[in-house]
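Please find below a note prepared for colleagues who wish to examine this structure. The points are numbered for ease of reply.

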Amino acid sequence: MRIIRGKYGRRRFNVPTNITARPTTDFARENIFNVIENITDIEGARCLDLFAGTGAVSFEFLSRGAASVTSVEKSPIQGRFIEKVARELKDDNLRLLRTDAVRYIRESASQPYDIIFADPPYDMPGFGDIPGAVLSSPLLKPGTVFIMEHSKAYNFSSLPHFDHHRAYGSVNFSIFIVPEDADEADGEEKIAEQ
């Protein structure tokens, strides 16, 4: 696993051979981070990495100056690897939650984040329901950027806050942006309903 840019840029870590995660390719990760940096500031952001796998996305956020990163990963093997890399980097701004990401979205999510990244296993049952669950959760606030990684089999463009889609090889990303004035718009809708 390679961290691409930032203060930990070019650092490499040997991923255990028994790891079950499918890491986002370096090429796709580099490109999607360029897109994220053109949309919002990673520096100082509170980031959430759902289905963290090897933690490659989490460490890319930390390397680029995120104030904090919460990594959600239920696999003990992947969790131990994420903790090992965080220790080697001596970075205290990563918090690992060893829990099921879907359960976290539906039951435990209470704090909003500035940037959310989700990369579930492509063959996971209920995969297509994940973006909607995130978008209707307390994880979002005005200004939140949410990136969903998926295969070309999915099209999430009809969901709220969808902004655009990017594809790098076989890796697809749907990008959602909650408008900064989302609270004001909600308030106006509620007033109009009365």
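The points below concern strand pairing, burial, aromatic contacts and the largest pocket.

1. Status of the model. The coordinates come from a predicted model, and the remarks that follow should be read accordingly.

2. Strand 7 and its neighbours. Strand 7 comprises residues 171-177. Strand 5 (residues 145-150) runs antiparallel to strand 7 and is joined to it by six bridges; within this pairing, V145 has I177 as its bridge partner. Strand 6 (residues 162-168) is likewise antiparallel to strand 7, again with six bridges, and here F162 is partnered by F176.

3. The hairpin. Strand 6 and strand 7 form a hairpin with two residues between the strands. In this hairpin G169 adopts a positive phi near 65°.

4. The parallel pairing. Strand 4 (residues 115-118) runs parallel to strand 5, and four bridges join the two. One of the residues involved is I116, whose bridge partner in strand 5 is F146.

5. Burial of the strands. Strand 7 is mostly covered, with six of its seven residues buried. In strand 5, six of its six residues are buried. V145, I147 and E149 point one way from strand 5, whereas F146, M148 and H150 point the other way, and all are buried. The charged residue E149 is thus listed among the buried positions of strand 5.

6. Aromatic contacts. The whole structure contains nine aromatic pairs. Why is the pair of Y168 and F173 classed as tilted? The ring centres are 6.0 Å apart and the planes meet at 55°, and planes from 30 to 60 degrees apart fall between the stacked and edge-to-face classes. Both residues belong to one aromatic cluster, formed by F27, F117, Y168 and F173.

7. Burial of the tilted pair. Y168 has a relative accessibility of 12% and therefore counts as buried, the limit being under 20%. F173, at 0% relative accessibility, also counts as buried.

8. A charge over a ring. R46 lies over the face of Y113, at 4.6 Å from the ring centre.

9. The largest pocket. What is the volume of the largest pocket? The computed value is about 420 Å³. The pocket is lined by 27 residues, of which F51, G53, E73, D119 and P121 are the closest to its centre. By class, the lining of the largest pocket consists of 13 nonpolar, seven polar and seven charged residues.

Technical notes
Residues numbered from 1 in each chain as written. Predicted model: local features only at pLDDT ≥ 70, side-chain atom pairs only at ≥ 80, totals over all residues. Heavy atoms only, no water. 1 Å grid on protein atoms, 1.4 Å probe; cavity = no way out; pocket = protein on both sides within 12 Å on 5 of 7 lines; lining within 4 Å. Points joined across faces, edges and corners; volume = space filled by probe spheres on them. Phe/Tyr/Trp six-rings, centres within 6.5 Å; stacked < 30°, edge-to-face > 60°. Buried < 20%, exposed > 50% of the residue type's maximum accessible area, 1.4 Å probe, protein only. Lys NZ or Arg CZ within 6 Å of the ring centre and 35° of its normal. Pairing = 2+ DSSP bridges.
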